[in-house]
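Trainee: I would like a close look at one loop residue in this model. Please start there and then work outward to the rest of the structure.

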Amino acid sequence: MTSSESGPKPDPRESRTPAAPSGSGRSIGTPDTWVDAHGDALFRFAISRVGDRATAEDLVQETLLAALKGTDGFRGDSEFRTWLVGVLRHKIIDHARRSGREGPLDSASGEDSLIDGWFGPNGRWVRPPGKWDVDPARLVLQREFWIVAARCAQGVPGRAGEAFSLRVMCEMEPQDVCKVLEITPTNLWVLLHRARARMRACLEVNWFGASVAEPRR
Amino acid sequence: MMSCREVVKLVSEDLDHPLSLRRRIALRFHTMMCGSCARYRRQLRALERLLRGPAARAIALAGTARQGEPIDGLSDAGREAIRRLLKS
């Protein structure tokens, strides 16, 4: 495996050098099959973080070209996919850094200002969740809702946001998300808890509104 | 009894992996007694159902796709360009 994540961007002209990789190359298919096998999945992760189709496609292209430099040692497609997602993740982070949209770093400690503010010292609610007078199931077909939801998801900072994109928007299995983010399951549960708390809060403010109590449906 | 603070974390974990019997019972018991935690759980589960899955993504991305383009993946032109680069 190469460390192409941190290396320089591959020049498209370099891509003619290594053709089909040796050894395990067969189990992950030849490079011309990669875009069909993995392109859409990578694209979904990219767009859920950068929100712009052209940028997302560029990042997917860079990722697959980086893979040309070394694909030895993968035991099949799913391991290769996980590795590709990891490469893409670094490219997304670099992109955010270049465009000056790098979010705040998240702490690995138990502190979380949003969630901390919900509870008193005894662990009971001091700011309980508000009532939503819209049935979420009815939102599926409302385009405006999805635009707000996408913006809320992109607003979840750091690894919590990445974890949420991979786990929920891309439906990746938890063990694969752990590999991509290089964290333990326990860390992942914490990150997802924080991300969901933020998604919920963001949608409450921007969509569900501060609703007055209404009879339940 | 678990605090609400601990329960909201379990509510999220419950969406990702099977909880131990002990924690499952604690969660069930707490949300039977506590309206706010029960509401939080309902809301999180509803959002999860909504945000997961191809239908949600398709609709979410519909606004960003050009007419006639696939909305849940690479554009045809983008796919072709990448394929060419990988082949050459």
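Mentor: Start with A:G117. A:G117 is exposed, because just 10 other C-beta atoms lie within 10 Å, and the cut-off for exposed is 12 or fewer. Keep in mind that this is a predicted model. A:G117 sits in the loop between helix 4 (113-116) and helix 5 (143-154) of chain A. Take A:R151 as a second point. In sequence, A:G117 and A:R151 are 34 residues apart. In space, their C-alpha atoms are 23 Å apart.

Two other loop residues belong in this look. The place of A:E171 is the loop between helix 6 (158-169) and helix 7 of chain A. Its phi is near 50 degrees, which is a positive value in a residue other than glycine. A:E171 has 13 other C-beta atoms within 10 Å, so A:E171 counts as partly exposed. Now move along to A:E182. A:E182 lies in the loop between helix 7 and helix 8 of chain A. Phi is positive here too, near 55 degrees, and A:E182 is not a glycine. A:E182 has 10 C-beta neighbours inside 10 Å and therefore counts as exposed.

Now the frame around these loops. Chain A holds 8 helices and 0 strands. From the N terminus on, its elements read α-α-α-α-α-α-α-α. Chain A has 217 residues, and 38% of them are buried. Consider contacts in chain A between residues at least 6 apart in sequence. Of these, 74% join residues at least 24 apart.

Helix 7 of chain A, which borders both of those glutamate loops, packs on helix 3. Helix 7 covers residues 174-181 and helix 3 covers residues 77-98. Their axes are 9 Å apart, at an angle of about 45 degrees. That angle makes helix 3 of chain A oblique to helix 7 of chain A, because it falls outside the ranges for roughly parallel, roughly antiparallel and roughly perpendicular. The crossing of the two is right-handed. From helix 3 of chain A come A:T82, A:V85, A:G86 and A:R89. From helix 7 of chain A come A:D176, A:K179 and A:V180. By type, the residues of this contact are 2 nonpolar, 2 polar and 3 charged.

Next, the interior. In soluble globular proteins, nonpolar side chains tend to be buried together. The largest nonpolar core in this model has 68 residues. The residues with the most contacts inside it are A:A46, A:V60, A:L88, A:A163 and A:F164. Helix 1 (residues 31-50) of chain A gives the most to this core, with 8 residues. Look at A:A46. Leaving out residues up to four places away in sequence, A:A46 touches A:A56, A:L59, A:V60, A:L88 and A:I92. Two of these partners, A:V60 and A:L88, are also on the list of residues with the most core contacts.

A:V60 leads on to chain B. A:V60 is one of the residues of helix 2 of chain A that meet helix 5 of chain B. The others from helix 2 are A:E57, A:Q61, A:L64 and A:L65. Facing them in helix 5 of chain B are B:G78, B:I82, B:L85 and B:L86. The residues of this contact split into 6 nonpolar, 2 polar and 1 charged. Helix 2 of chain A covers residues 53-67, and its axis comes within 10 Å of that of helix 5 of chain B. The axes cross at roughly 20 degrees. That is under 35 degrees, so helix 2 of chain A is roughly parallel to helix 5 of chain B. This crossing is right-handed.

Step back to the whole interface. In total, 40 residues of chain B contact 47 residues of chain A. On the chain B side, helix 1 (4-13), helix 3 (35-51), helix 4 (54-62) and helix 5 (76-87) each supply at least two residues. Helix 3 of chain B gives the most, with 10 residues. That side of chain B divides into 16 nonpolar, 11 polar and 13 charged residues.

End at helix 1 of chain B. Helix 1 is mostly covered, with 7 of its 10 residues buried. The buried ones are B:C4, B:V7, B:V8, B:L10, B:V11, B:S12 and B:E13. They pack against helix 8 (185-208) of chain A, along with helix 2 (21-33) and helix 3 of chain B.

How values were computed
Residues numbered from 1 in each chain as written. Chains lettered and ligands numbered in written order. Predicted model: local features only at pLDDT ≥ 70, side-chain atom pairs only at ≥ 80, totals over all residues. Helix = DSSP H or I, 4+ residues; strand = E, 2+ residues; numbered from the N terminus. Buried ≥ 20, exposed ≤ 12 C-beta atoms within 10 Å, placed from the backbone. Contact = placed C-beta atoms within 7 Å. Nonpolar A, V, L, I, M, F, W, Y, C, P; charged D, E, K, R; others polar. Core = buried A, V, L, I, M, F, W, Y, C linked by C-beta atoms within 7 Å. Axes fitted to C-alpha atoms, helices over the stretch in contact; angles between N-to-C directions. Parallel < 35°, antiparallel > 145°, perpendicular 65-115°, else oblique. Left-handed = near helix turned anticlockwise from the far one by under 90°.
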